[in-house]
Amino acid sequence: GELELARRAELPDLVQLGDLRGDLHTHTTWSDGKDDLEAMVARAVEKGYEYYAVCDHAQRLRGDRLREQTEALQALDEQVPLKLLKGIEVNIRGNGELDVSEEDLQTRDWVVASVHHGFDKEPTERVLAAMESPYVDCIGHLTNRKIGKRAPAAVDVERVIEQALATGTFLEIN
């Protein structure tokens with residue numbers, strides 16, 4: 001009955017901002033974020049977060065940049081009163097493979113896997129394949145919908161939820 005309640009503007013407030021204990025999908029200027037790492041973490045501290053994951057896009061962390069960001073995160077983690085997680089957002093390729101090596105994924109505390117292109121090319125199968133990786137913790141922006149810009153991809157959400165339960169994979173809710 002949640003859709004009918006929403007239509008009547010009668011949904012209960014299930015989660016309040018004060019209920020949030022952290023953020024598990026953020027981007028800094030290491031990729032396409034607007035603020036640098038230090039500013040983002042400072043704001044997380046101001047909000048009273050217990051944990052904070054920096055999940056910059058993998059394609060912007062090639063070469064030595066992933067190691068360099070890791071060092072910056074480790075140095076900052078020692079200075080702040082929250083758990084700073086070394087995250088990354090990896091792309092799910094057309095064949096369901098991830099665009100980061102298992103060796104690099106092993107160095108991350110939190111891995112978000114997302115489809116970023118070819119939204120009409122078997123999105124369900126790609127997501128299901130990505131959830132088989134022992135390093136994927138969360139599927140990001142499952143349907144890739146952008147309100148007013150892009151319709152949602154034809155993802156079989158029920159199958160994805162079943163697989164998420166079976167693999168212990170979180171699903172990001174936008």
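So, let's start with the sheet: six strands, open, running in the order 1-2-3-4-5-6, with parallel pairing. Before I go on, keep in mind that this is a predicted model. Now, which strands sit at the edges? Strand 1, residues 22–26, and strand 6, residues 170–171; each has a single partner strand, so one side of each has no neighbour in the sheet.

Let me stay at the strand 1 edge for a moment. Strands 1 and 2 run parallel and are joined by 3 bridges. If you want a place to look on screen, find Gly-22, which stands opposite Tyr-51 in strand 2. Then there's helix 2, which packs on the sheet and touches strand 1, strand 2 and strand 3. The direction of helix 2 makes about 155° with that of strand 2.

Arg-21 belongs to this corner too. You'll find Arg-21 in the loop between helix 1, residues 2–7, and strand 1. What does Arg-21 contact, once we leave aside neighbours within four places in sequence? Tyr-49, Glu-50 and Tyr-51. Arg-21 and Tyr-51 are 30 residues apart along the chain, yet their C-alpha atoms are separated by 6.8 Å. As for exposure, Arg-21 comes out at 47% relative accessibility, so it counts as partly exposed.

Okay, on to the inside. In soluble globular proteins, nonpolar side chains tend to be buried together. Here the largest nonpolar core has 36 residues, and the ones with the most contacts inside it are Tyr-52, Ile-88, Val-90 and Ile-139. Who supplies it? Several elements give at least two residues each, including strand 2 (51–54), strand 3 (83–91), strand 4 (110–114) and helix 6 (157–167). The largest share, 4 residues, comes from helix 2.

Take Ile-88 as an example. Again leaving out neighbours within four places in sequence, Ile-88 has a long contact list. Among them are Val-54, Leu-61, Leu-66, Val-100, Leu-105, Trp-110 and Val-112, but also Asp-56 and Arg-108. And apart from the main core lies another one, of 6 residues, including Ala-53, Cys-55, Leu-85 and Cys-138.

Next, helix 3. Helix 3 has 13 residues and reaches 18 Å from its first C-alpha to its last, close to the 18 Å expected at 1.5 Å a residue. Which residues of helix 3 are buried? Leu-66, Gln-69, Thr-70, Leu-73 and Leu-76. They cover an arc of only 130° around the axis, so they sit on the same side of helix 3. What do those buried residues pack against? Helix 2, strand 2, strand 3 and helix 4, residues 102–105.

Last stop: two backbone oddities. Glu-122 has a positive phi of about 50°, and it isn't a glycine. Glu-122 lies in the loop between strand 4 and helix 5. The other one is Asn-144, also not a glycine, with a positive phi near 60°. Asn-144 lies in the loop between strand 5, residues 138–139, and helix 6.

So, buried or exposed: what about Glu-122? Exposed, with a relative accessible area of 54%, and the cut-off for that word is over 50%. And Asn-144, buried or exposed? Buried, because its relative accessibility is 6%, and buried means under 20%.

That's my tour; shout if you want to go back to anything.

Notes. Residues are numbered from 1 along each chain as its sequence is written. This is a predicted model: local features need pLDDT of at least 70, side-chain atom pairs count only at pLDDT 80 or more; totals for chains, interfaces and linings use all residues. Side-chain values use heavy atoms; hydrogens and water are left out. A nonpolar core is a set of buried Ala, Val, Leu, Ile, Met, Phe, Trp, Tyr and Cys residues joined through side-chain atoms within 4.5 Å. Buried means under 20% relative accessible area, exposed over 50%, partly exposed in between (1.4 Å probe, protein chains only). Contact means heavy atoms within 4.5 Å. The expected span of a helix is 1.5 Å times one less than its number of residues. The arc is that of the directions from the helix axis to the C-beta atoms. Two strands pair if DSSP finds at least two bridges between them. Axes are lines fitted to C-alpha atoms, for helices over the stretch in contact, and angles run from 0 to 180 degrees between N-to-C directions.
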